[in-house]
Amino acid sequence: MEARMRASLSLSPRTQILTLTHQPLHLLPPSEDLTSLFTHLNTLLFSSSSSHPPFSSTSLSTPPPFLKPSTRGDPKIQSLLKSLSVAERSLIGSAAGAIAGAFTYVCLHPLDTVKTKLQTRGASDLYKGSFDAIAQTFRSLGILGFYRGVSAVLVGSAFSSAVYFGTCELGKSVLAGFPKYPQILIPPTAGAMGNIVSSAIMVPKELVTQRMQAGAPGRSWEVLCRIISKDGVLGLYSGYSATLLRNLPAGVLSYSSFEYLKAAVLKKTGKPNLEPAQSVLCGALAGAISASVTTPLDVVKTRLMTQAGYGGVGDAVRRILSEEGWKGFTRGMGPRVLHSSCFAALGYFAFETARLTLLHQYLRRKDRLVEVSAEESSHDG
């Protein structure tokens, strides 16, 4: 068993496993152990894996369904698919995430605008509900009123989505390479990793967007400059703790729910990939679950970002509870659930489509490079 354990972790035969041998710590060669672990991590990142657990990035190991039949059956394409490293998978995921993020955020920005208006302080006195907020916005600002702050969304969402999906793909692939890590924990762990990294980018973007949605005058860059001149660079991270508090549970719930639903559907259908309709339905359900559970956290985050005078998360919670009661934590839930359901459905569908398209182009380019290299080698020979 010890030999199998060493082989699975790519450790050298002389490295002793303390959990198996129960020998003193000084008998374990530290330099050799660190070198072996570093080698193992490099292997995970830059080499392909022959096996893929249910929650690893298996969709990059099967031929894209829209390729021509002759291309899908081409042994060269099959070989290239299997030879993709974790780093290549992550980069493809990042590029696809940027495309899907920008597209999805822009499409659903009007719903997010209504949600933000309903969650600002005093909204209960201004609006009777979601439809009243829509009507008032349209009467005062026209159709463009629903797209205030869209430029910040376009840039910020593309970058943050690239980081998010790239980190999630990296996390799934790396964790799948550790046999001892429970497979059931791979989706939530990967989702948490993606949210922690991407939140550092999303907070300034959301701050500028929500200030504009709440009525701040000027363009996105003007609002950004005013925040920096008044509060400094750290002012861009107003509400960061509340955002992280919201994004972590929301991200873990959404990402995990989608992965679990996807695994259940694939197990029932016996197919390697979701159909477009199945992807949309799984994404919508995952988004609805996540949004309904985390709306109170989103209300607190929105208050901290759009209104001054709160002394932090705890103070915001106490004041909302004393002024509006428990109902105050559910404000904007309808638009938020609708927005998150549409966002997750559209986002996951757009991500998979973009990823397969980029994968197809990447494989074609890689195949040409292999052919050129083979021709040069034959000429040199």
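Which helix is Ser256 found in? Select Ser256 and you will land in helix α13. Keep in mind along the way that this is a predicted model.

**Stop 1: Ser256 and its partner across the sequence**

With Ser256 still selected, check its accessibility: the relative value is 6%, so Ser256 counts as buried, the cut-off being under 20%. Now add Thr189 to the selection. Ser256 and Thr189 are separated by 67 residues in sequence, yet their C-alpha atoms are 8.8 Å apart in space.

**Stop 2: the annotated spans**

Next, colour residues 146-165 and 185-203, where UniProt, in an unreviewed entry, places the feature "transmembrane region". Begin with residues 146-165: this span is 80% helix and 0% strand. Draw a distance between the end C-alpha atoms of residues 146-165 and you should read 27 Å. Move on to residues 185-203, where the chain is 95% helix and 0% strand. For residues 185-203, the end C-alpha atoms also lie 27 Å apart.

**Stop 3: Val203 in α11**

Stay with the second span and pick Val203, a residue of helix α11, which covers residues 186-213. Is Val203 buried or exposed? Val203 has a relative accessible area of 0%, so it is buried. Then bring in Leu236: 33 residues separate Val203 from Leu236 in sequence, and the C-alpha to C-alpha distance is 7.2 Å.

**Stop 4: α6 against α10**

Now show helix α6 (residues 86-107) together with helix α10 (residues 150-176). What angle do α6 and α10 pack at? The angle is about 150°, and the two axes are 6 Å apart. Angles over 145 degrees count as roughly antiparallel, which is why α6 is described that way relative to α10. The crossing of α6 past α10 is right-handed. Show the side chains in the contact of α6 with α10 and colour them by type: 13 residues are nonpolar, nine are polar and two are charged.

While α6 is on screen, pick Thr104, which lies in this helix. Thr104 has a relative accessible area of 1% and is therefore buried. Extend the selection to Ala345, which is 241 residues from Thr104 in sequence but 9.5 Å from Thr104 in space, C-alpha to C-alpha.

**Stop 5: the largest nonpolar core**

Which residues have the most contacts inside the largest nonpolar core? Select Tyr164, Phe165, Tyr255, Phe258, Tyr348 and Phe351 to see them; the core as a whole has 17 residues. Two or more residues of this core come from each of α6, α10, α13 (240-269), α14 (276-306) and α16 (333-380). Of these, α16 gives the largest share, with five residues.

**Stop 6: Pro296 in α14**

Finish in helix α14 by selecting Pro296, which lies there. Its relative accessible area is 28%, and a residue between 20% and 50% counts as partly exposed, so that is the class for Pro296. Add Gly332 as the last pick: Pro296 and Gly332 are 36 residues apart along the chain, and their C-alpha atoms are separated by 9.5 Å.

Key:
Residues numbered from 1 in each chain as written. Predicted model: local features only at pLDDT ≥ 70, side-chain atom pairs only at ≥ 80, totals over all residues. Heavy atoms only, no water. UniProt positions renumbered as here; feature names shortened; annotations may be inferred. Helix = DSSP H or I, 4+ residues; strand = E, 2+ residues; numbered from the N terminus. Axes fitted to C-alpha atoms, helices over the stretch in contact; angles between N-to-C directions. Parallel < 35°, antiparallel > 145°, perpendicular 65-115°, else oblique. Left-handed = near helix turned anticlockwise from the far one by under 90°. Nonpolar A, V, L, I, M, F, W, Y, C, P; charged D, E, K, R; others polar. Core = buried A, V, L, I, M, F, W, Y, C linked by side-chain atoms within 4.5 Å. Buried < 20%, exposed > 50% of the residue type's maximum accessible area, 1.4 Å probe, protein only.
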